[in-house]
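Subject: Structure handover

Hi,

Here is the structure for your files. My notes on it follow below.

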Amino acid sequence: MRAILASLTLLGSVITVQPTFAEAVDLALVLAADVSASVDQQEFELQRQGYAAAVNDPRVLDAIQSGTHKAIALCFIEWSGAPQQSVVVDWTIIRDREIAAEFAGKLLAAPRSSSGPTAIGAAIDFAARQLARSDIESARRAVDVSGDGDSNLGREVTAARDDAVADGITINGLAIINERDNTPHTHPTGGLAEYYRQNVIGGPGAFVLVVSDFATFGDALTNKLLAEIAAASQTPRQVVRAD
């Protein structure tokens, strides 16, 4: 009898457990930063600082709090060669200034994860996997790929892009013009912005933001985040200049 009562008590406790739902946000966004060999240490630091400043910008926070769920989810990754992708700051729900400051602090404190070739296709695949494992409900899922050169290793970029878009992910590009490196890698035929437009971006409203140099990256990213959070109407495959 005691065994039966114990079983009934356990059953009752299981029945009364409340279900756990995934948290809902207005935007789930992977920030995918290029740390390949063409990005020197000074440029790397400027890029990191730009990301941290944009996430912590009061205008971005105001835009977040004006959304339906008053929250976005961010995951920051770095990438270079085909096997070299890392989660630097994992999924974080940004709702207020304190959480945004914490995210920015973790980003600034983390060491550089790698420095190798440029495998954009592998970076897109890795970013898509982070969205798949996030358990975050969002009507919009996006990846922002920043970089200063074309892909020179790994999976074909367009194949990775097309797979991600088929899964409902929008991929935007931040093409950083690197005047300190004048190789064909950083200045492909037709220009880096056109390369990103043709090969990297995809999905509804996808666009390329042209960043004139690493020093202006933070301001450009802030403007881009404001547009994304506000769900500003964008023409597919549009090229937008930040300067």
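Contacts in the protein chain are mostly long-range: taking pairs at least 6 apart in sequence, 81% join residues at least 24 apart. Contact here means heavy atoms within 4.5 Å. The model is predicted, so local features need pLDDT of at least 70 and side-chain atom pairs count only at pLDDT 80 or more, while totals for chains, interfaces and linings use all residues. Residues are numbered from 1 along each chain as its sequence is written, and side-chain values use heavy atoms, with hydrogens and water left out.

Overall make-up

The protein chain has 8 helices and 9 strands. These are DSSP runs numbered from the N terminus: helices are H or I with at least four residues, strands are E with at least two. The chain has 243 residues, and 50% of them count as buried. Buried means under 20% relative accessible area, exposed means over 50%, and partly exposed lies in between (1.4 Å probe, protein chains only). About 11000 Å² is exposed, with 55% of it supplied by carbon and sulfur atoms. Areas come from the Shrake-Rupley method with a 1.4 Å probe; for residues, only the protein chains shown count as cover.

I120

I120 sits in helix α5 (residues 120-133). Its relative accessibility is 0%, so I120 counts as buried. Leaving out residues up to four places away in sequence, I120 touches W79, V145, G149, D150, S151, V157, Y195, Y196 and V200. N152 is 32 residues from I120 in sequence, with a C-alpha to C-alpha distance of 8.2 Å.

Salt bridges

Side chains of opposite charge can pair when their charged atoms come close. The rule used here asks for a side-chain nitrogen of Lys or Arg within 4 Å of a carboxyl oxygen of Asp or Glu. By this rule there are 14 salt bridges.

Take R180 and D40. Their closest N and O atoms are 3.0 Å apart. R180 lies in the loop between β7 (169-176) and α7 (192-199), and D40 in the loop between β2 (27-34) and α2 (41-55), so this pair ties together parts that are 140 residues apart in sequence. R180 is exposed, at 55% relative accessible area. D40 is partly exposed, at 26%.

R48 and E78 also form a salt bridge, at 2.8 Å from N to O. R48 is in helix α2 and E78 in strand β3 (residues 72-79); they are 30 residues apart, and the pair links distant parts of the chain. Both R48 and E78 are buried.

R161 and D162 meet in a salt bridge of 3.0 Å, N to O. R161 counts as buried at 7% relative accessibility. D162 counts as partly exposed at 40%. Elsewhere, salt bridges with shared partners join D40, E43 and R180 into one network.

D148

What is the nearest side chain of opposite charge to D148? It is R112, 8.5 Å away; D148 is buried yet has no salt bridge. For charge, Lys and Arg count as positive and Asp and Glu as negative, with His and the chain ends not counted. D148 lies in the loop between β6 (141-147) and α6 (157-166). Its side chain has a polar contact of 2.7 Å with that of S38. A polar contact is a pair of N or O atoms within 3.5 Å; within protein, one must be able to donate a hydrogen and the other to accept it, and residues adjacent in sequence count only if both atoms are side-chain atoms. Among the residues D148 touches are D34, S36, N178, H185 and F214.

Best regards
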